[in-house]
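Student: I would like to go through the reasoning behind a few labels used for this model. Can we take them one at a time?

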Amino acid sequence: MPPMPEPDAATAETGAGHDFVVVASRLPVDRIEEPDGRTSWRASPGGLVTALEPVMREAGGAWIGWSGDAGPEPGPFEANGLHLVGMGLSAEEVRDFYEGFCNATLWPLYHDVIAPPQFHRHWWDAYVAVNRRFAQAAATHAARGATVWIHDYQLQLVPQMLRRQRGDVRIGFFNHIPFPGYEIFAQLPWRRQVVEGLLGADLLGFQRRADAANFLRACRRATGLTTKGSTVRVGGPAGPRDVHAAAFPISIDSAGLSQIAQREDVRKRAREIREVLGQPEIVLLGVDRLDYTKGILHRLKAYGELLNEGRLGPPQAVLVQVASPSRERVEAYRELRDEVELTVSRINGEHAEVGSTPVHYLHQSYPREEMAALYLAADVMLVTPLRDGMNLVAKEYVACRNDESGALVLSEFTGAADELGGAFLVNPHDIEGLKDTIARATTVSPAEARRRMRSMRRRVREYDVARWAATFLSTLDSIPAGAAPDGGTSSDAAPGPDADTGPDATPGPDADTGPDATAY
Ligand code: GDG
């Protein structure tokens, strides 16, 4: 990989540099190999790009991310009118950084060790090296005084690495997945480095207040820093500064999705789906990446037992389970796929009749319109993760239900559960409770369903992804860059005992109640 130019040199040379820079593990476009061998880029419209596109355009922003393939660095290019900077990962880095440290160490650790995390020193080394390259790219492409917004668990060291090079930029970081309790986080051999990496930011955003509280506790325990409310006081060459950690629950483009769900072609497709399913009274739906955090097996177990007990099943009720392919080179994901497919086959083998199948299992990805049609076709949406930062599927279902019908069964262990009070909340580990809740959701009266759906729709409409981004960025903007509040003491140089609790003492009030700040 060729070395990046020194940041200030690049900026001075080109007169360029962007006032707003997004740093995410992935670019908002996918590389397409054309039949003639040329490479082109196709938009991969996710929630994040929808939210940030207007800000990117207004500020002439740049988006730094990986293209998703092993190979050389694509470098800066333009696609769909956006300035993109493609990062390269070698095949070894894809293995050690992406599949290894990101998806087989951090992902299971941060999701309450549902699968055992693996700790390998050479994976950590790859994580440090890749984070350093992303930080260097951010330093190169950010204008003086720019706002840099870094995303997710793959890039937790970037805030500190960037701050060391560029004291002039304002740095925000958003964690899309949960931040675990300290007893779990403490397993990470590099816990102090990760906390210090994140503390390079001015503002750290989490999905739930509990995640922000867990992070603040990790600061006290892993680094001995003091926290006060939602701030951590850190030292540095420019003097002490406060880092803020708070909840900014992410959302979706509610209006855009609601409009898709109103289109006649989408509504027609929803009717067709119900028809090909045999016009059951009740269509249950699950939509997940095929990931062990999503509780797909728990859902299937509950549904299978409801069938065994004759409480649910075809022709009256059918389950459609979309399990989009994910991380197929990681061992735990291959095992999960085998287990899910075995379970589906068993249920269907035992309960199907010719022309009537209890579980329609789809291991595929679909266009957005087809997803909207599925949401429209479903009477009951099953969202049963064992742990999930937010879960956008729950919000998407709600956004599509323009007629206020439908019921959402939602795990307590999702960020969405903090917001969607109208859902039927469940503990997916409690299979009897899950069965009863699914049964209750299938028999809810239309009036109660409408009351529940209306309150959820209000929430999803008001707090959409644009508001999420605007709230985060205005909060970041309100923090004086590199400011050193008066009278503070730095504990970075000599980490003393935590003012609240002491590094290894009983958790203080913060740990139990969370920081005061939920940004909205
Ligand atoms: C992480 C956190 C947090 C799925 N299959 C297809 C498809 N999807 C779309 C869904 C939804 C998205 O993928 C999945 O988002 P989730 O939030 O449910 O889950 P993760 O992928 O684990 O996302 C999560 C999120 O980041 C954002 O911060 O909420 O907690 O784990 O939008 O609709 N979309 C299409 N075809 C598919 O087959 N078009």
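Student: In which loop is the place of Gln207?

Tutor: The model is a predicted one. In it, Gln207 sits in the loop between β9 (203-206) and α8 (209-223).

Student: Why is Gln207 called buried?

Tutor: Its relative accessible area is 4%. Buried means under 20%, so Gln207, at 4%, is buried.

Student: What does the side chain of Gln207 reach, and what makes these polar contacts?

Tutor: The side chain of Gln207 reaches the backbone oxygen of His176 at 2.9 Å and the backbone nitrogen of Ile250 at 3.1 Å. The cut-off for a polar contact is 3.5 Å; 2.9 Å and 3.1 Å are within it. Among the residues that Gln207 touches are Phe174, Pro249 and Met390, leaving aside those up to four places away in sequence.

Student: Which residues are closest to the ligand?

Tutor: They are His176, Tyr366, Asp388, Leu392 and Glu396, out of 21 residues that surround the ligand. Of the helices, α13 (368-377) and α14 (392-400) each supply at least two residues of this shell.

Student: How do you know that His176 makes a polar contact with the ligand?

Tutor: A polar side-chain atom of His176 lies 2.7 Å from a ligand oxygen atom, and the limit is 3.5 Å. Backbone atoms also take part: a backbone N or O atom of Met390 lies 2.8 Å from an oxygen atom of the ligand, and a polar backbone atom of Leu392 is 2.7 Å from one. The protein covers 79% of the 730 Å² of accessible area that the ligand has on its own.

Conventions. Residues numbered from 1 in each chain as written. Predicted model: local features only at pLDDT ≥ 70, side-chain atom pairs only at ≥ 80, totals over all residues. Heavy atoms only, no water. Near = heavy atom within 4 Å. Polar contact = N/O pair within 3.5 Å; in protein donor to acceptor, adjacent residues only side chain to side chain. Areas by Shrake-Rupley, 256 points an atom, 1.4 Å probe, with all protein chains shown as cover. Helix = DSSP H or I, 4+ residues; strand = E, 2+ residues; numbered from the N terminus. Buried < 20%, exposed > 50% of the residue type's maximum accessible area, 1.4 Å probe, protein only. Contact = heavy atoms within 4.5 Å.
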